[in-house]
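Please take the sequence and the model together and follow the paragraphs below from one residue to the next. The path runs from single residues to packed helices, ring pairs and backbone angles.

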Amino acid sequence: MSDITKYRNIGIFAHVDAGKTTTTERILMLTGRIHKMGEVHDGAATTDFMEQEQERGITIQSAATTCFWDDHRFNIIDTPGHVDFTIEVYRSLKVLDGGIGVFCGSGGVEPQSETNWRYANDSKVARLIYVNKLDRIGADFYRVVDQVKNVLGATPLVMVLPIGTESDLKGVVDLLTRKAWVWDDSGNPLNYEIQDVPADMVDKVEEYREKLIETAVEQDDEVMEQYLEGNEPDIDTIKKCIRKGTINLSFFPTFCGSSFKNKGVQLVLNGVVDYLPNPTEVPPQPEIDLEGNETGEFAIVKDGEPLRALAFKIMDDKYGALTFTRIYSGTISKGQSVLNTATGKTERIGRIIEMHADDRNEVESAQAGDIVALLGMKSVQTGHTLCDPNDPATLEPMIFPDPVISIAVQANDKSNAEKLSVALGKMVAEDPSFRVETDEDSGETILKGMGELHLDIKVDILKRTHGVEVTVGEPQVAYRETITKPTTDSYTHKKQSGGAGQFAKIDYTLEPLEPGAGFEFESKVVGGNVPREFWPAVEKGFKSSIERGVLAGFPCLDFKVTLNDGAFHAVDSSAVAFETAARAAYRQSVPKAGPEILEPIMKVDVFCGDDKMGDVIGDLNRRRGVILSQEPNSTGVRIKAEIPLSEMFGYIGALRTMTSGRGQFSMEFSHYASTPKNISDQVIKKAQELEAAKK
């Protein structure tokens, strides 16, 4: 068995284009995994192995790889930076023990960095910070460190200082050892010398070194006392203090360099070994029961414990479906039977594979702390727990956001139609934020996702990976409906048609709830006018009706039904009668309760040059945007706004035109809000026209 204390399960995450994938390439080169580095801009990066990734120069799905550094095993996951694929970041963080947050030296803390940082905080993942691209024009390490403090509210612990900046970047000074790592201009990461600190940096190095030690020794009272008495601890003691503070999230060791120019990456790797936790040092995963409540039991990372593993990603490739799995406790072997607690079925492990991007290395077994891909899993989905059949348990599952945008697709001919359903089945298994529905009336296939780019990539994958040609409809916004005022009403359902009849009477109140509250049901019936056994039927009737609102057929949100009273018949009343009454009551009373259309509002982050700010803000205002803040920095201005999704279609093209191709933006779902009457009328009219066309 491997020594688990030498494992590091880490993820690399950041804003799109901050250099995550390039950094991963350098790590693989330095650890001997690859011998020729691929470049993202050439479409040759090892972990960007999808055609769509190579063409667009972005990472779409997280790729797993294993490598070794200084006698330690790294399981690395390179995650996407684009906001439409944050689901990949979220599910990767869920199974990692540590992370490297990569920030661009000139762009600083960008929008998606914030989202990823928030996810990492939620998952309580220890992190190093790596400020990359310091060779770029406008790069400023110290400004980025300030942004980490002010924008992210985090405490960066500066471990190295850059020697030179922009095109003069020569290397970095290691503050602990007071040694300068200087690279030559050959571009070979191994061509460096360890020298004394440059004379003009001595004072700055001492200033930052003192701050570093003062922050670190706060983690150990005894060491701090010694330090206050004038005894500086040795480097090993300081490293222990830094490790402790990193694992308990008190601060984040901060490194810098340029991955593209091969400067500074070795110190980041040393930092992973020295400061990020091994699998035994992170809080164990809680186990839950079938209702989702914590049982008080935990998956302890050590041998001899029962098997507990979480499937965090399904990926279909030429060998079949790969189930990426993090093993939390126990061991897993080829040919072993495991229980999937979500389905209640036992499955047999076909093969166990260590992944290196899209290369694979087959192994006989894997142990707690490993991240491996399993072949042969038939009904395992993302978030399912695999465990010992004789000792079942469920780990906390993953929760995925609902899609906010949809498009209709239609296969171009009959042979494509058959391939389409198979391909979509595989794609849904791979990506839990991607949903597929069939419109019962029109027979159209509806694809739902997190943004325009998300669905654009899905259609591309259908065409190229699965060879399915489809016609794509206009993007549709996922509107919702709600009610705005309480209403009390009564409904009686009577039916007499030979044999037993149907009878149910309900008196009820509908009332609006706070945004995000969902649907609630309560019964205040006393005295048995509606027997208790029929209450669930009334709830079910209302609940099954909310999928279709009365205005435009969108799901109805955020209201409460209170059953006040009613009547029943000893012979003719049944659960079916009360369910039918509730459905009819919904259709009768929602129109009286001030129904309105809600639209998804997006959090939008736009970056542009100072000279284009007026044009960009004017355009956002025309799109019904509410400007929240404007933050100037050395390279431009960042504008934060809230804007309805319906106004954002095709925005990337408009922004590029306005800013001569220099503008960037990202957006993510924020909340649902009331739709202005003129927009609401258009939505209702369009829904009525579609309904009429179907007839």
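Apart from its neighbours within four places in sequence, Asn 9 is in contact (heavy atoms within 4.5 Å) with Asn 75, Leu 96, Asp 97, Gly 98, Pro 279, Arg 326, Gly 369 and Ile 371. Asn 9 has its place in strand E1, residues 7-14, where helices (H or I, at least four residues) and strands (E, at least two) are DSSP runs numbered from the N terminus. With a relative accessible area of 0%, Asn 9 is buried; the term buried stands for under 20% relative accessible area, exposed for over 50%, and partly exposed for what lies in between, with a 1.4 Å probe and protein chains only. One of its partners, Asp 97, is 88 residues from Asn 9 in sequence, yet the two are 5.4 Å apart in space, C-alpha to C-alpha.

This is a predicted model, in which local features need pLDDT of at least 70 and side-chain atom pairs count only at pLDDT 80 or more, while totals for chains, interfaces and linings use all residues. Residues are numbered from 1 along each chain as its sequence is written, and side-chain values use heavy atoms, with hydrogens and water left out.

For the protein chain as a whole, the secondary structure comes to 16 helices and 38 strands, and buried residues make up 54% of its 695 residues. Of the contacts in the protein chain between residues at least 6 apart in sequence, 71% join residues at least 24 apart. Ala 567, found in strand E34 (residues 559-567), offers a second local view. With neighbours within four places in sequence left aside, Ala 567 is in contact with Phe 503, Ala 504, Lys 505, Asn 529, Val 530 and Phe 578. The C-alpha atoms of Ala 567 and Asp 507 are separated by 8.8 Å, the two residues being 60 apart along the chain. Ala 567 is partly exposed, at a relative accessible area of 25%.

How do the helices pack? Two packed helices are described by the angle between their axes and the distance between the axes. Here the axes are lines fitted to C-alpha atoms, for helices over the stretch in contact, and the angles run from 0 to 180 degrees between N-to-C directions. Helix H6 (residues 202-217) and helix H8 (residues 235-247) pack with their axes 8 Å apart, at an angle of about 65 degrees. The crossing of H6 and H8 is left-handed, a word used if the near helix is turned anticlockwise from the far one by less than a right angle, with right-handed used if clockwise. On the H6 side, Leu 212, Ile 213, Ala 216 and Val 217 meet Ile 238, Cys 241 and Ile 242 in H8. The residues of this contact divide into 7 nonpolar, no polar and no charged, where Ala, Val, Leu, Ile, Met, Phe, Trp, Tyr, Cys and Pro count as nonpolar, Asp, Glu, Lys and Arg as charged, and the others, Gly among them, as polar.

In a second helix pair, the axes of H10 (residues 414-430) and H11 (residues 452-464) come within 11 Å and cross at roughly 130 degrees. That angle makes H10 oblique to H11, since angles under 35 degrees count as roughly parallel, over 145 as roughly antiparallel, 65 to 115 as roughly perpendicular and the rest as oblique. The crossing of H10 and H11 is right-handed. Leu 420, Ala 423, Leu 424 and Met 427 in H10 meet Lys 458, Ile 461 and Leu 462 in H11, and by class this contact has 6 nonpolar, no polar and 1 charged residues. Lys 458 counts as buried at 10% relative accessibility. Beyond its neighbours within four places in sequence, Lys 458 is in contact with Met 427, Asp 431 and Phe 434.

A search of the whole structure finds 14 aromatic pairs. The rings of Trp 183 and Tyr 192 have their centres 5.6 Å apart and their planes at 45 degrees, so the pair is tilted; rings of Phe, Tyr and Trp (its six-membered ring) pair if their centres lie within 6.5 Å, and planes under 30 degrees apart count as stacked, over 60 as edge-to-face and the rest as tilted. Trp 183 counts as buried at 5% relative accessibility, whereas Tyr 192 is partly exposed at 30%.

Most residues other than glycine have a negative phi. Asp 70, in the loop between strands E2 (63-69) and E3 (72-78), has a positive phi of about 50 degrees although it is not a glycine.
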